[in-house]
Amino acid sequence: MGLEMIEAAGLTKRYGAKTAVHDLTFEVRPGHVTGFLGPNGSGKSTTMRMIVGLDRPTSGTVTVGGRPFRQTPNAPRKVGALLDAQAVHGGRSARNHLLSLAQLSGIPASRVEEVLDVVGLRDVAGKRSKGFSLGMGQRLGIAAALLGDPQVLLFDEPVNGLDPEGIYWVRTLMKRLAAEGRTVLVSSHLMSEMAVTADHLLVIGRGRLLADMSVREFISRNSADFARVRVADDAAGRTGELAAAVAEAGGRALKEPDGALRVTGIDLPRISDLAHKADIRLWELSPHHASLEEAYMRLTQDVVDYRSTDDELAGFTPPEDEAHPLDTAPGPPEVPEVPAQGWYAPPPPGQAPPQTRSRP
Amino acid sequence: MNPDTDVRGYVSPIEVRRAHLGDAILAEWTKMRSVRSTMWTLGALVVVVLGVGTVIPWAVRTDAPGPQGDPPLAYGFFGVLLGTVCVITLGALSFSSEFGTGLIRTTLTACPSRARVLAAKTAVYFCLVFALTLVLTVIAGIFEVVIINSPNPGPTVWAPATVGVSVYMALLGVLSLAVGAMVRHAAGAVTAMLGIVLLPLVVAMFLPRPLSGVRSVLLNYSIPSQLVSFYGAFGGFANGSQPSGWVSLWILLGVVALAMAGAYVALDRRDV
């Protein structure tokens, strides 16, 4: 047990009837940035609080370096955490805040000036943190996490409120920390952010683990290309024929609501050949590429807790089906069920989910 | 864990030293001195204890010259009673402000031992209130003796009215700190503490005659009555049946011990 891994086994947290985290089992290894990805309210922060012993799991365990955090000797030298950037007494200066933390952890006071320099807050270190912007608060939180120069680092939404320069800095910092052999767990609800920062991904939704794989694997498995094929209107009845031909050729065709086909598994020229052979005229044959963001949203589409709608009557429609964890077993890139909407990607924010909208 | 075994892990160049209670006490002292609420509440304590301790004997002297029935130091009671509000407020803020701002998460991540955090806060606040109240009651006592122009009352009067009162105030502050750790909300903790201090007295005033037994217990053991007992028989409060000053200390110590146990359990068991 030389390596400082974070290991969760059957980690579960319930608040009354609501299950915030359900049976999570994962490992976070040193030397990588592990992205902890999930929509708002999916249990990321609860999990992180359980890792550092602030919340008690309802069942299951989570250990850091083989021990529960609260039984870890020299805990602040082993684990540093940014859990809540605004977790600072507003009346205290950044310097005094860090000084008290350094003293509490048995860290030399000179380290405070070092981390102030690292996060670029030296000029405002004497000012009361009440006046800090969100980004400055975030930097102060990162400084607190780095104070003990720990082997394990947890960052909950570290780029919240940072400007582009700050975001770039955090990315570089995470990678550097991981390259030094530390264990770095970074939570985010932005796939695009994780795609450029993380090496490994843990995706959760409604407290359940949806994916635990490397970013590369996640991309290859989820960012499926597909072709949209539309048969000429006067030959619309022969769409099924084309679908059968595609299936025969080893592809997979799914019918979209507007009558077009979504074809995966075979390339565009081959589809054209098949249509030609069957003597079916095509009015559309277009390549489409699903981005990683779309893949992530598709993965978590059913488990988003807080979804905005533009339909005031949404409250009167019957509730959606229970979330089902998506299949994460290895296999060729696959396009999941076609939503009952003309387009592939999930609806943009502010738009009702297709299921809700199509109901009377 | 032997650092030699983490061959592939990161090893910090900063010397690893096991933190202890002394570190936590130092940290709590830094926290205490680096916020303005400390200055405000303790400043108010200074003003109230010294101000009232000077004004009342001065007023009494001009109204009715000549020797009074009450010992001169007893005039300090009013200032100290008002000062309890300051001590209670700052004590309640110690934990509740950390819960309110979320700082407690940072604190308990840097020091997972709840007992150590609780002990450090208690030690710092107890010592601070004790030292300050001791200085203030001694100065106010000297004022009172000088203004009333009475003979020096002697150590048996001085000791409870200064050291005794200071320990009592410090314990009251610590009780407030423990309540803050249980209630977790600044306004709630202050309200609860004011209730503990004032309610027995107020309830006693409105109890009907048949309950006079309960009434006298409430009157005698309410916190203001216990506090007045440090000054000996005094004014309208005194009827000879209230506890003597040092007994009051033991009673409050018992209450503080219970509250501390409650605070520890709350910190240990409840999610932060």
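User: What makes two strands count as a pair here?

Analyst: Two strands pair if DSSP finds at least two bridges between them. This is a predicted model, by the way. In chain A, strand E11 and strand E12 (residues 261-264) have four bridges and run in the antiparallel sense. Four bridges satisfy the requirement of at least two, so E11(A) and E12(A) count as a pair.

User: Which residue stands opposite A:Leu254?

Analyst: That's A:Arg262, in E12(A).

User: Why are E11 and E13 of chain A called edge strands?

Analyst: Strand E11 (252-255) and strand E13 (282-289) of chain A each pair on one side only. They belong to an open sheet of four strands, ordered E11-E12-E10-E13, with antiparallel pairing. From one strand to the next, the twist averages 25°.

User: What packs on that sheet, and which strands does it touch?

Analyst: Helix H9 (residues 239-248) of chain A touches strand E10 (225-231), E11 and E12 of chain A. Helix H10 (residues 268-277) of chain A packs on the sheet too, touching E10, E12 and E13 of chain A.

User: How do you know how H9(A) is directed against E11(A)?

Analyst: Their directions make about 155°. Angles over 145 count as roughly antiparallel, so H9(A) is roughly antiparallel to E11(A). For H10(A) against E13(A) the angle is about 160°. That is also over 145, so this pair is roughly antiparallel as well.

User: Over in chain B, why are H3(B) and H6(B) called roughly parallel?

Analyst: Look at the angle: the axes of helix H3 (residues 76-101) and helix H6 (residues 155-183) of chain B cross at roughly 30° and come within 7 Å. Angles under 35 degrees count as roughly parallel, and therefore H3(B) and H6(B) earn that label. Their crossing is right-handed.

User: Which residues make the contact of H3(B) with H6(B)?

Analyst: Among them are B:Val80, B:Val87 and B:Phe95 of H3(B), along with B:Val165, B:Met169 and B:Leu172 of H6(B). By class, that contact has 15 nonpolar, eight polar and no charged residues.

User: How many residues does each chain put into the contact between A and B?

Analyst: Chain B puts in 37 residues and chain A 45 residues. On the chain B side, helix H1 (21-33), helix H2 (36-63), H3 and helix H4 (103-110) each supply at least two residues.

User: Which helix gives the most to chain B's side?

Analyst: H4(B) does, with seven residues. By class, the side of chain B that touches chain A has 16 nonpolar, twelve polar and nine charged residues.

Methods:
Residues numbered from 1 in each chain as written. Chains lettered and ligands numbered in written order. Predicted model: local features only at pLDDT ≥ 70, side-chain atom pairs only at ≥ 80, totals over all residues. Axes fitted to C-alpha atoms, helices over the stretch in contact; angles between N-to-C directions. Parallel < 35°, antiparallel > 145°, perpendicular 65-115°, else oblique. Left-handed = near helix turned anticlockwise from the far one by under 90°. Contact = placed C-beta atoms within 7 Å. Nonpolar A, V, L, I, M, F, W, Y, C, P; charged D, E, K, R; others polar.
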